[in-house]
Amino acid sequence: MKAVFMSCNQSMFEDILTIMDQMNLRGFTGWEELIGRGSNDGEPHLGSHAWPGMNSALIAVMEDNQAAEFLKRIKELDTLNQAQGIKAFAWNITDMI
């Protein structure tokens with residue numbers, strides 16, 4: 001099992017949920033309004049007058065093969081929308097209730 005965490009510009013959040021729907025990935029926890037700044041480039045999303053953009057994020061636990069496909073689709077979406085910014089990574093899940 002993997003836990004996939006993904007953060008993106010708010011404008012991309014619906015696209016991420018669409019990917020999840022297409023893959024029949026139901027369970028997730030999401031945050032609609034987050035601040036952030038990319039580690040390499042891009043504009044900060046701080047929700048301020050100077051930097052008004054905001055980010056959204058979610059975390060979902062899924063099977064390893066689903067995580068690989070989900071990350072692949074997120075990367076494809078990011079490639080098409082590089083200016084918006086999407087980051088995602090996965091953790092191994094050792095226990096779950």
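User: Buried or exposed: which is Asn24, and what is its relative accessible area?
Analyst: This is a predicted model, where local features need pLDDT of at least 70, side-chain atom pairs count only at pLDDT 80 or more, and totals for chains, interfaces and linings use all residues. Numbering starts from 1 along each chain as its sequence is written, and side-chain values use heavy atoms, leaving out hydrogens and water. With a 1.4 Å probe and protein chains only, buried is under 20% relative accessible area, exposed is over 50%, and partly exposed is in between. So Asn24 counts as exposed, at 61%.

User: What's the phi of Asn24?
Analyst: Most residues other than glycine have a negative phi. Asn24 sits in the loop between α1 and β2 (29–34); helices (H or I, at least four residues) and strands (E, at least two) are DSSP runs numbered from the N terminus. Asn24 isn't a glycine, yet its phi is positive, at about 60 degrees.

User: How far apart are the end C-alpha atoms of helix α2?
Analyst: The expected span is 1.5 Å times one less than the number of residues. For the 17 residues of α2 (residues 64–80) that gives 24 Å, which agrees with the end C-alpha distance of 25 Å.

User: Which residues are exposed on the other side of α2 from its buried ones?
Analyst: Ala67, Phe70, Ile74 and Leu77 are buried in α2. They share one side of the helix because their arc, taken from the directions from the helix axis to the C-beta atoms, covers only 90 degrees. Exposed on the other side are Asn65, Lys75 and Leu80.
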